[in-house]
Amino acid sequence: MSSTDSSAPGVEIKYTQIFINNEWHKAANGKTFPVINPSTGEEICQVEEGTRADVDKAVLAARKAFDIDSPWRKFEPVARGNLMRKFAGLLRRDIDYLANLETLNNGKPVEDSKGDIYASADCIEYYAGWVDKIVGETIPGAHDQLIFTRHEPIGVCGQIIPWNYPIMMMAWKLGPALACGNVIILKPAEQTPLSALYCAALIKEAGFPPGVVNIVPGDGPECGNAVSSHQDIDKVAFTGSVEVGKKVQEAAAKSNLKRVSLELGGKSPLIICEDADIDYAVSVAHRAIFTNAAQNCTAGSRTFVHAKIYDEFIARSVELAKTRVVGNPFDDMTTQGPQINDSQFKKILSYIESGKQEGAKLECGGEKACEKGYFIKPTIFSGVKDDMKIAREEIFGPVMSVLKFDSYDDVLKRANGTSFGLGAGVITKDLTRGLTFAKQLQAGSVWVNDYDAVCNQAPFGGFKQSGHGRELGRYGLEAYYEVKTVVVKLI
Ligand SMILES: NC(=O)c1ccc[n+]([C@@H]2O[C@H](COP(=O)([O-])OP(=O)(O)OC[C@H]3O[C@@H](n4cnc5c(N)ncnc54)[C@H](O)[C@@H]3O)[C@@H](O)[C@H]2O)c1
């Protein structure tokens, strides 16, 4: 189904410059880059293009904000937490504007943008609650020793984020970093810098001292690389593709061996057992892949279905996929917006072509959905084999690949037979089977009778090439503090 309404509210673009030291700056090289509306393919505005010189400037500001005598370093934990709560409140205050801005720039339906913003505000508040609970340990030593640890901020943290959840990825990065008392240079994705720049204004309004959060829009090879290879940035956190994650880790190692945390892609399995309630299984599998136009690192993109229910599963899934409303994300009826840009759009269509050529059966979709913009119809392939490209590579588009199994031992091996390990799901009424899978699946998150049930208080991250380090929850703090051991001799 496609939405016929093509109207969009006039969203005023308020900020297009580089945010350093709580001030707006023009790019050092005098250049700007276009930001495109993925629903139309048309330019929204030009944004200042950050390069190495701008990152250098941001690092100087951040370094100053991190001076041992700076206001930020002298804040009581509770004061830091209060600023974070204020920022969360401002996100909620401006939710209507911010959701429209996010939808204009990213293309996700407005209700989805609102959901992301509420979750982001909750995330910042969750970490605001941690500021006075980041504690070390006392450790038994010799009779004349007192040994304890302190958890200290790392310092200047570079954060490079993707375009699929622009505000939420920013919140996941800012929350734990600020809670631990770090200072930040954040580089939004070049496709979606607008909501991050608006949030910069909210950060200033909340009262964060200058230099604590700096936002430098720009591309990956120049601006992102300037962050990951910088000699005076102490840590880099990255979310995006495996290919770039490796470059970030390499640049970090070759420069100053800065700390690295990576949240990368996936090819996550969802296993549907023969005893599953079929309606429930179909709806979970649908949500697992099609949420956010399938631009989701945990997308359940390999749907393994037991042979006994396979045909029925396919028929019901096709029925459900056809009810999905693809089109103008400002229309209340729309459930799926466009892909982010022309290159993703073309890449996804070429994956669909490869699925057909390698012998999978196209059950529905498989083509663009609207004349303008980067819309793709929800697509389902049956008869998918493990060695097909669509079963091995991250598509990041609305393509459900359904694979058949009849042995649980076998499907476990197949599910684990990938270099990724971000998420995995299993749908079954047999809790022992569900928990056995939970134990044996190689993934950072396993959902039993659910999928993508991510919450701020539970850690999230990857096994294998899906990354290292964890975001969210108490574990998410570990990426943002150093552990110092203090040994006191009691003379
Ligand atoms: N895990 C995720 O959440 C996620 C998000 C976006 C994309 N992806 C995957 O990545 C594929 C390509 O999308 P993409 O090209 O936008 O992702 P990407 O990995 O190129 O971009 C992510 C971020 O990294 C930056 N970047 C790019 N090159 C860099 C470099 N050399 N050094 C430092 N930073 C750099 C980008 O500017 C952006 O901010 C997608 O098809 C999808 O498979 C995954």
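Student: Let's start with H5 and H6: are these two helices roughly parallel or roughly antiparallel to each other?

Tutor: Keep in mind that we're looking at a predicted model. The axes of H5 (residues 110-128) and H6 (residues 166-179) cross at roughly 5°. Angles under 35 degrees count as roughly parallel. So H5 and H6 are roughly parallel.

Student: Which residues of H6 meet H5, and what is the make-up of that contact by class?

Tutor: The axes come within 8 Å. On the H5 side you'll find Asp116, Ile117, Ala119, Ser120, Cys123, Ile124 and Tyr127, and they meet Ile167, Met168, Ala171, Trp172, Leu174, Gly175, Pro176 and Ala179 of H6. Sorted by class, the contact of H5 with H6 comes to twelve nonpolar, two polar and one charged residues.

Student: Staying in H6, is Leu178 buried or exposed?

Tutor: Leu178 sits in helix H6. Contacts of Leu178 beyond four places in sequence take in Trp72, Arg80, Met84, Ile184, Phe208, Val212 and Val213. Its relative accessibility is 1%, and the cut-off for buried is under 20%. So Leu178 is buried.

Student: How far apart are the C-alpha atoms of Leu178 and Tyr480?

Tutor: Along the chain, Leu178 and Tyr480 are 302 residues apart. In space, their C-alpha atoms are separated by 8.7 Å.

Student: What about H3 and H7: which word describes how they lie to each other?

Tutor: The axes of H3 (residues 77-93) and H7 (residues 194-206) come within 9 Å and cross at roughly 135°. The crossing is right-handed. An angle over 145 would count as roughly antiparallel, and 65 to 115 as roughly perpendicular. The angle falls in neither range, so H3 and H7 are oblique.

Student: How many charged residues does the contact of H3 with H7 have?

Tutor: H3 brings Leu83, Lys86, Phe87, Leu90, Leu91 and Arg93, while H7 brings Cys199, Leu202, Ile203, Glu205 and Ala206. Eight of the residues in this contact are nonpolar and none is polar. Lys and Arg count as charged, as does Glu. The number of charged residues is three.

Student: On to the strands: which residues make up the covered face of S3?

Tutor: S3 covers residues 32-37. Thr32, Pro34 and Ile36 are on the uncovered face. The covered face is Phe33, Val35 and Asn37.

Student: Which residue in S4 is the bridge partner of Pro34?

Tutor: S3 and S4 (residues 42-48) run antiparallel and are joined by six bridges. They form a hairpin with four residues between them, and Gly41 in the turn has a positive phi of about 80°. Across from Pro34, the bridge partner in S4 is Gln46.

Student: In the open sheet with S5, S6 and S20, which are the edge strands?

Tutor: The three strands come in the order S5-S6-S20, with antiparallel pairing. S5 and S6 (residues 145-153) pair over two bridges, and Thr138 stands opposite Phe148 in S6. An edge strand here pairs on one side only, and that describes S5 (138-139) and S20 (481-489).

Student: And S16: which residue of S16 does Thr303 stand opposite?

Tutor: S16 is mostly covered, with six of its seven residues buried. S15 (residues 379-382) runs parallel to S16 over three bridges, with Ile380 opposite Met400. S13 (residues 300-306) is joined to S16 by five bridges, also parallel. In S16, Thr303 stands opposite Val402.

Student: Phe396 isn't a glycine, so what sign does its phi have, positive or negative?

Tutor: Phe396 is in the loop between H13 (389-392) and S16 (399-405). This residue is buried, with a relative accessible area of 14%. Its phi is about 60°, and the sign is positive.

Student: Asn449 also has a positive phi of about 60°; what is its relative accessible area?

Tutor: Asn449 lies in the loop between S18 (445-448) and S19 (467-468). It counts as partly exposed, with a relative accessible area of 27%.

Notes: Residues numbered from 1 in each chain as written. Predicted model: local features only at pLDDT ≥ 70, side-chain atom pairs only at ≥ 80, totals over all residues. Heavy atoms only, no water. Buried < 20%, exposed > 50% of the residue type's maximum accessible area, 1.4 Å probe, protein only. Pairing = 2+ DSSP bridges. Axes fitted to C-alpha atoms, helices over the stretch in contact; angles between N-to-C directions. Left-handed = near helix turned anticlockwise from the far one by under 90°. Contact = heavy atoms within 4.5 Å.
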